[in-house]
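Reader: Hi, can we go through this one together? I'd like to start with the empty spaces inside.
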Amino acid sequence: MDETIYRGLNGVNVDTSQICFIDGDKGELIYRGYDIRELTEASYEEVVHLLWNGDLPTRAELEALRAEAQEDVVLPDGVVDLLRCMPAGAGPMHALRTAVSALAAFDPNPDGVDHENVRRIGTALLARMPVLVGTLQRLREGKEPVVPNPDLSIAGNFLYTLTGEEPSEAATKVMDVALVLHAEHGSNASTFVARSTASTLTDVYSAITAGIASLKGPLHGGANTGVMNALEEIGSVENVERYVLDTLAKPNGRIMGFGHRVYKVRDPRANILEHVAERLARESGESKWFEMSLEMERVMDREMAKKGREVKPNVDFFSASVYRMLGFPADMYTPIFAVARISGWMAHLFEQYADNRLVRPRLVYEGPRGKTFAPVDQRA
Ligand code: SDX
């Protein structure tokens, strides 16, 4: 037996996939053949169709996807009641994970893993995730949930159910770009967890709930909330350097929004989000968060160069200031990530269920051997 250890499965190929290619050395990200920079003009629905079906939709295919998603956009009353029971201080990712898991109880066929049923559930989740997050936010503000507007896109309805106001075209476009950039990223931790969970042939809701649980972690999707918490703690551009130096001086100190297991250069999504953040800062006049982000990167570049390393911004870094300037509270950033990533998770579940193999790695045992049992009263 090969006893080579690959901690964190670093560099291990577990399967093939047709969905996403990442070149970590060049900073390239490709969804089904399209460079991510080509897709910033696409709506989130177009990219969902691309990820799920292998190519961008025709007008008819796009309208069909939108119509099907709209059929399930309204949440079951029981799930809304569950959200109403949540304590006001409940973390949004705890509430989202619980609500998605609860949706299974209201589904007429939650356990079927044939392609048609998986696609049906996936399309319903695509429509409902943004409404769940919007409903969460409205309830914790002490306001009534907003009934989704079937005439709005997924990005538009998301903003509408979050704020209760019909969003501007510009805000909808920013949300579309953010959802597209966060839609898919190969075998990241939460996608691997979703695929690994599905590999036992359990249901879609269980696999997606597992993915949400994994995404919440600060080393993964929780980083964008961590970035904004850090920026709010720092408070001004002048205090950034001190914060970075103090954090790096701590054992295993990590600056949220920097570094990546695959990218060894800047995450191409960070490049795009930086431009979005810069434009929003200029248009809103609220440039503080963007300027602090640039200063943080300057100090990180200098300090990592001293270590002979390049630890660059990842997708979470500039998304934090973008979401702040869109008016979202910091603890809603990771739920927004989950709203986007349902498309990537589902694309991978289609692949996993279609050609499944149980995921079951090994651990090299280093514990004791040959011990003999003694009855409890004879043990020292
Ligand atoms: C996402 O995988 C994906 O695709 C994820 C994602 C997606 O779309 O699904 O791209 C989304 O999760 C992006 C990552 C968000 N997480 C963060 O921003 C959290 C902060 N980042 C780090 O914790 C870290 O960079 C990881 C977890 C992202 C990657 O960690 P690795 O690959 O295990 O690398 P490591 O922690 O072993 O660090 C390697 C070196 C270390 O130097 P040494 O201590 O060995 O001398 O780089 C340094 C680290 O010190 N380093 C950092 C750092 N990240 C790496 N130093 C300071 N701050 C950081 N953020």
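Author: Sure. Keep in mind that this is a predicted model. The lining of the largest cavity has eight nonpolar residues, three polar ones and no charged ones.

Reader: Which residues line the largest cavity?
Author: The lining is made by Ala-69, Gln-70, Val-73, Ala-127, Pro-130, Val-131, Leu-152, Ser-153, Ile-154, Asn-157 and Phe-158.

Reader: Which elements give two or more residues to that lining?
Author: Those elements are α2 (59–71), α5 (115–140) and α6 (154–163).

Reader: And how much space lies in the largest cavity?
Author: About 60 Å³.

Reader: How many cavities of 30 Å³ or more does the structure hold?
Author: Two. The second largest has about 30 Å³ of space.

Reader: What lines the second largest cavity?
Author: Glu-45, Arg-66, Ala-69, Gln-70, Leu-152, Ser-153 and Ile-154 do. From α2 come three residues, the largest share of that lining.

Reader: How does that lining split by class?
Author: Three residues are nonpolar, two are polar and two are charged.

Reader: OK, new topic. What about pockets?
Author: Take the second largest pocket. Its volume is about 190 Å³. It is lined by 13 residues, and the closest to its centre are Leu-159, Pro-167, Ser-168, Ala-171 and Leu-326.

Reader: Which helices supply at least two residues of that pocket's lining?
Author: α6, α7 (169–181) and α12 (268–284) each do. By class, the pocket lining has seven nonpolar, two polar and four charged residues.

Reader: Now helix packing. How do people describe two packed helices?
Author: They give the angle between the axes and the distance between the axes.

Reader: So at what angle do α8 and α9 cross?
Author: Roughly 155°. Helix α8 covers residues 189–198, helix α9 covers residues 204–215, and their axes come within 8 Å.

Reader: Why is α8 called roughly antiparallel to α9?
Author: Because angles over 145 degrees count as roughly antiparallel, and that crossing makes α8 roughly antiparallel to α9.

Reader: Is the crossing of α8 and α9 left-handed or right-handed?
Author: Right-handed.

Reader: Which residues make the contact?
Author: From α8, they are Ala-189, Ser-190, Val-193, Ala-194, Thr-197 and Ala-198. From α9, they are Ser-206, Ala-207, Ala-210, Gly-211, Ser-214 and Leu-215.

Reader: What classes are in the contact of α8 with α9?
Author: Seven residues are nonpolar, five are polar and none are charged.

Conventions
Residues are numbered from 1 along each chain as its sequence is written. This is a predicted model: local features need pLDDT of at least 70, side-chain atom pairs count only at pLDDT 80 or more; totals for chains, interfaces and linings use all residues. Side-chain values use heavy atoms; hydrogens and water are left out. On a 1 Å grid over the protein atoms alone, a cavity is a set of points where a 1.4 Å probe fits but cannot get out, and a pocket is an open set with protein on both sides within 12 Å along at least five of seven lines; lining residues have an atom within 4 Å of a point. Grid points are joined across faces, edges and corners, and a volume is the space filled by probe spheres set on the points. Helices (H or I, at least four residues) and strands (E, at least two) are DSSP runs, numbered from the N terminus. Ala, Val, Leu, Ile, Met, Phe, Trp, Tyr, Cys and Pro count as nonpolar, Asp, Glu, Lys and Arg as charged, and the others, Gly among them, as polar. Axes are lines fitted to C-alpha atoms, for helices over the stretch in contact, and angles run from 0 to 180 degrees between N-to-C directions. Angles under 35 degrees count as roughly parallel, over 145 as roughly antiparallel, 65 to 115 as roughly perpendicular and the rest as oblique. A crossing is left-handed if the near helix is turned anticlockwise from the far one by less than a right angle, and right-handed if clockwise. Contact means heavy atoms within 4.5 Å.
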